[in-house]
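This report is meant to be read with the sequence and the three-dimensional model open side by side. It moves from one chain and its partner to single residues.

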Amino acid sequence: MNSIEIFERYAQEYDEWFDANRFAYESEVQALKKFVPKNSKGLEVGVGTGRFAVPLGIGVGVEPAKAMADIARKRGIEVYEAKAEKLPFDDSSFDFVLIVVTICFVQNPMQALREAKRVLKPGGYIIIGMIDRESFLGKLYESKKKESKFYRHANFYSTRQVLDWLKKLEFEYIKTCQTIFKDPKKITGIEPVKEGYGEGGFVVISAQKQA
Amino acid sequence: MGIGECVSHQARRGGEKCYDENIIGDRVYDNEMKRELMDILCCPKCKGDLELSVFERSDDEIISGDLYCRNCDIHFPIEDGIPNMLLPEMRE
């Protein structure tokens, strides 16, 4: 099974993670809120069941696994079944594009970022939320990869790698922040959000398409 | 680019009702956001215009229908309110 088939089959189970790990989830939302622009038109690529789009006020998403898309639609998101590498939108359509814990599942990350850039308006923002491969969490997930039906198919990347791709695509004004400083299973409250990357398991990158 | 008028009955599936309406017209889409979305939707392959046929509608939402790219000759079905914009070789 590939990752799309896994998400197709276990959509409900995937969605329950967010209830079981409420503080980790909330910490990630807080970190994303630092960079997600308010009152502008956003697209989430790999919207999943809508767990991030809803609290971040994003109305549109693409998701290749229909069972996940069905749940997102019930949560009020306008969803399209599509892959990150081939977006069904005109050039310069959105003020920002959000990609959360999705880069690790796409087949061709560089092409996904190129497509995100294409649908962004000039001066628009790409916001990426990811598990940093070089963080304690990235290493933990990598070591337990075979035990997780979801992460078995994931390719985790380092923040440095993603920053490198963004620079190659000529994105500007790159900023980062981070959260999740201990094992999500041991978190008993919302984790702080700090600038930069290197310590936190969950990193958010914001970069601007040339105006 | 955007969505063209309903491709009359060409994209119609056997027995299903096809509403001959201009979907981007005001009378169909009161909801500004959804109308804008239809405007920016394009073929994922050639990024060209799509032609919309509506089979079933509920309030301001298209529940079932078809989006057609004449250039690539690909149909993108709308099922359960979700347009399937995957290329045929990516579908199950």
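What follows describes a predicted model, beginning with chain B and its contact with chain A and ending with individual positions.

## Chain B and its contact with chain A

Chain B contains one helix and five strands, and, read from the N terminus, these elements follow the order β-α-β-β-β-β. Of the 92 residues in chain B, 50% are buried. Among the contacts in chain B with a separation of 6 or more, 46% are made by residues 24 or more positions apart.

The two chains meet through 24 residues of chain B, which are in contact with 24 residues of chain A. Between them an area of about 2100 Å² is buried, and carbon and sulfur atoms give 60% of that area. On the side of chain B, the residues that lose the most area to chain A are L37(B), I40(B) and I82(B), which together account for 28% of what that side buries.

## A helix pair in chain A

Within chain A, helix α2 (residues 11-20) and helix α4 (residues 66-74) have axes that come within 9 Å of each other and cross at roughly 50°. Because of that angle, α2(A) is oblique to α4(A). The residues that make this contact are A11(A), Q12(A) and Y14(A) from α2(A), together with A67(A), M68(A) and I71(A) from α4(A). Sorted by class, the contact of α2(A) with α4(A) comprises five nonpolar residues, one polar residue and no charged residues.

## Cysteines

How many disulfides are there over all chains? The count comes to zero over all chains, and two cysteines illustrate how a pair can fail the distance test. A disulfide is a covalent bond between the sulfur atoms of two cysteines, and the cut-off applied to the sulfur atoms here is 2.5 Å. For C72(B), the closest cysteine sulfur belongs to C46(B) and is 3.7 Å away, which is too far for a bond. For C104(A), the closest cysteine sulfur is that of C177(A), at 18 Å, again too far for a bond. As for their surroundings, C72(B) is partly exposed, with a relative accessible area of 22%, whereas C104(A) is buried, with a relative accessible area of 8%.

## Two residues with positive phi

Most residues other than glycine have a negative phi. N39(A), although not a glycine, has a positive phi of about 50°, and K47(B), also a residue other than glycine, has a positive phi near 65°. N39(A) sits in the loop between α3 (22-33) and β1 (42-45) of chain A, while K47(B) sits in the loop between α1 (32-40) and β2 (50-58) of chain B. Is each of these loop residues buried or exposed? N39(A) is exposed, at 84% relative accessible area, whereas K47(B) is buried, at 16%.

## Three acidic positions in chain A

The table sets out the relative accessible area and class of D91(A), E142(A) and E191(A).

| Residue | Relative accessible area | Class |
|---|---|---|
| D91(A) | 47% | partly exposed |
| E142(A) | 27% | partly exposed |
| E191(A) | 7% | buried |

D91(A) is placed in the loop between β3 (78-80) and β4 (94-100) of chain A. When neighbours within four places in sequence are left aside, D91(A) is in contact with R118(A) and V119(A). The C-alpha atom of D91(A) is separated by 25 Å from that of V54(A), a residue 37 residues apart from it along the chain.

E142(A) belongs to helix α6 (residues 136-143) of chain A, and, with neighbours within four places in sequence again left aside, E142(A) is in contact with R133(A) and F156(A). E142(A) and R73(A) are 69 residues apart along the chain, and their C-alpha atoms are separated by 31 Å.

E191(A) is found in the loop between β6 (172-179) and β7 (194-195) of chain A. Not counting residues up to four places away in sequence, E191(A) touches S27(A), T179(A), I180(A), F181(A) and K182(A).

Definitions and conventions
Residues numbered from 1 in each chain as written. Chains lettered and ligands numbered in written order. Predicted model: local features only at pLDDT ≥ 70, side-chain atom pairs only at ≥ 80, totals over all residues. Heavy atoms only, no water. Axes fitted to C-alpha atoms, helices over the stretch in contact; angles between N-to-C directions. Helix = DSSP H or I, 4+ residues; strand = E, 2+ residues; numbered from the N terminus. Parallel < 35°, antiparallel > 145°, perpendicular 65-115°, else oblique. Contact = heavy atoms within 4.5 Å. Nonpolar A, V, L, I, M, F, W, Y, C, P; charged D, E, K, R; others polar. Buried < 20%, exposed > 50% of the residue type's maximum accessible area, 1.4 Å probe, protein only. Buried area = accessible area lost by both parts, 1.4 Å probe.
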